Amino acid sequence: MQNATSACFVRPVLVVPPERPDKPEEACGVYAVMAADQPVANLAYFGLYALQHRGQESAGIAVFGEDDQVRMHKDMGLVSQVFDQEVLERLPGFLAIGHNRYSTTGSSKVCNAQPVLLNTRLGPFALAHNGNLVNAAELRHELADLASELTSTTDSELIAFAVQQAVNGGLAWDAAIRQAAGRCRGAFSLVIGTPEGLFALRDGHGIRPLVFGHLGDTHQAQWVVSSETCGLDIIGASFDDDVQPGEVIHFRQGDPTPQRSRWIEEPAKLCVFEMIYFARPDSRFFGESLYSYRVRIGEVLARETPVAADIVIGVPDSGIPAAIGYSQVSGIPFGDGLIKNRYVGRTFIQPTQAMREAGIRVKLNPLPDVLAGKRVVVIDDSIVRGTTSRKLVAALRDAGATEVHMRISSPPVTHPCFYGIDTDTQDQLIAARLTLEEIAAHLGVDSLAYLTKEGMVEAAQAHSGHFCTACFDGAYPIEMDEAVRASKLRLEPAGLAAARPLAAAAAP
Ligand code: SF4
């Protein structure tokens, strides 16, 4: 007779210790709808819902009413937790500004939720920001006179105060917004609602994305601005164009022609991690869905890092398209070897240690039926610290994988981000400290290989020169003060990362 223990089948479950997650974390989503005779608060609700992956700490909507009042509701939590129909009905009007937040500057608390709503001599305005300023301390010093009025610890409020100061100093909205933008250094995609309509603006490099489109016919002048195109799709809005890097667009009520102009000319440097991992796969960048781009990355990865194996699996969700591409080129069958609990959410967006610990423990579960007895290629989009990957490899082996070959669909992350993505300090980035062989040994894989930077560029095709790739090569497009650099670049200038050459492709 079998004893009770041996008869009991225990499926391996991925358990991650209570520490920072093994992924960079996205900043925010911004959204705006200007459409007379439409329930703009409801439309903004759906838009923010589509952008939920960009920030899960807080959500807010400010609405400009026909009675010249601005009504706002914002709170901690997911969009579906912050708003219900009763709340949305208390937000009537023609122009809505919305925001989902993940904190990169300022802690996770309701006073830091956006939009930021301020008054001026020309009336109120509401501002929502995605990105991160690298001169926030300097700007705070410049705005010292307003220090007693600051209600948050965010750089977004500083941008709003710069706009307010410019308007109250005598400038019109357009000039005030340009002047305020000129005082900011860093990444900022902004939507700003004013009594004279909606403004959308990106920093000179366009580090964070921002697109616009319209509802109905363009002559109806019903405009929508969103961090990603998935925010247009969800309400049936047509895509018109990106807000270009360094561009400011003024959408006026009833005017079918937005006023577009540059406030600064700089080379485009969209965050390449938006392409690889952050943005939703159904969002379109450069006229193509990110799903297609990520499949192509997997194809390049397969050509660069071949290995003999029985099955290719992806780490859900963002590793799946690259795994499909890897499978197509290698001829190794693709399979679903990891099941994600879709009701846990993107746990790595949660900012506190305790929240992460609670969230990630139930996120991924390997399928022994698919993995047992197989040589497995597992594709993930990135490794930051290596903690999650190490647990993942152990779980795959527990599920019966005979070999585990890890392939990463981005180059090694050796440098922290200062532009709105919450990455660790450099000394915590595993690829900044260890060689490829050391990382492979730490993870317990049979082989490990990363996409090369050249491969990443190849997959980007015609747009290869238009990306910030600083977390892979340290080529920061926006200069930072030494104090800012020192806050995260803890291995520089000693150049430990440079002194530790990471071969991009390991021999299996
Ligand atoms: S440093 Fe990395 S994460 Fe930050 S904007 Fe540049 S590519 Fe994106």
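In this predicted model, strand β9 sends its residues to two sides. Val 211, Gly 213 and Leu 215 point one way, while Phe 212 and His 214 point the other way. Every one of these residues is buried. The strand, which spans residues 211–215, is thus mostly covered, with 5 of its 5 residues buried. In a regular strand, side chains alternate between the two faces of the sheet.

Two strands pair with β9. Strand β11 (residues 238–242) runs antiparallel to β9 and is joined to it by 4 bridges. Within this pairing, Phe 212 has Asp 241 of β11 as its bridge partner. Strand β10 (residues 222–226) is also antiparallel to β9, and 5 bridges join the two. Here Gly 213 is partnered with Val 224 of β10. β9 and β10 make a hairpin, with 6 residues between the strands. Gly 216 lies in the turn and has a positive phi of about 65 degrees.

Strand β10 also pairs with β1, in the antiparallel sense, over 4 bridges. In that pairing, Tyr 31 stands opposite Ser 226 of β10. A second partner of β1 is β4 (residues 95–101), which is antiparallel to β1 and linked to it by 7 bridges. Gly 29 has Asn 100 of β4 as its bridge partner. Strand β1 covers residues 28–34, and 7 of the 7 are buried, so the rest of the structure largely encloses it. Cys 28, Val 30, Ala 32 and Met 34 point one way from β1. Gly 29, Tyr 31 and Val 33 point the other way.

Helix α11 (residues 320–330) has buried residues too. These are Pro 321, Ala 322, Ala 323, Gly 325, Tyr 326 and Ser 327. Their cover includes the helix α10 (290–304) and the strands β17 (311–314), β20 (375–380) and β21 (403–408). After α11 comes Gly 331, with a positive phi near 80 degrees. The loop between β17 and α11 holds Asp 317. The peptide bond from Pro 316 to Asp 317 is cis, with omega near -10 degrees.

Another cis peptide bond runs from Gln 114 to Pro 115, with omega near 10 degrees. Pro 115 is in the loop between β4 and β5 (116–118). Most peptide bonds are trans, and most residues other than glycine have a negative phi. Asp 37 is not a glycine, yet its phi is positive, about 65 degrees. This residue lies in the loop between β1 and α2 (40–50). Asp 37 counts as exposed because its relative accessibility is 78%, and the cut-off for exposed is over 50%. Asp 68 also has a positive phi of about 65 degrees without being a glycine. The loop between β2 (58–64) and β3 (70–76) contains Asp 68. Asp 68 is exposed, with a relative accessible area of 67%.

The ligand takes up the space of the largest cavity. Two elements each give two or more residues to the shell around the ligand, α9 (272–278) and α18 (470–473). Among the surrounding residues are Ile 207, Arg 208, Cys 271, Val 272, Phe 273 and Cys 417. Tyr 419, Ile 421, Cys 468, Ala 470 and Cys 471 also belong to this group. The shell has 10 nonpolar residues, no polar ones and 1 charged.

The protein chain as a whole has 20 helices and 23 strands. Buried residues make up 59% of its 508 residues. Of the contacts between residues at least 6 apart in sequence, 72% join residues at least 24 apart.

Notes
Residues are numbered from 1 along each chain as its sequence is written. This is a predicted model: local features need pLDDT of at least 70, side-chain atom pairs count only at pLDDT 80 or more; totals for chains, interfaces and linings use all residues. Side-chain values use heavy atoms; hydrogens and water are left out. A residue is near a molecule or strand if one of its heavy atoms lies within 4 Å of it. On a 1 Å grid over the protein atoms alone, a cavity is a set of points where a 1.4 Å probe fits but cannot get out, and a pocket is an open set with protein on both sides within 12 Å along at least five of seven lines; lining residues have an atom within 4 Å of a point. A molecule sits in a cavity or pocket if more than half of its atoms lie within 2 Å of its grid points. Ala, Val, Leu, Ile, Met, Phe, Trp, Tyr, Cys and Pro count as nonpolar, Asp, Glu, Lys and Arg as charged, and the others, Gly among them, as polar. Buried means under 20% relative accessible area, exposed over 50%, partly exposed in between (1.4 Å probe, protein chains only). Contact means heavy atoms within 4.5 Å. Two strands pair if DSSP finds at least two bridges between them.
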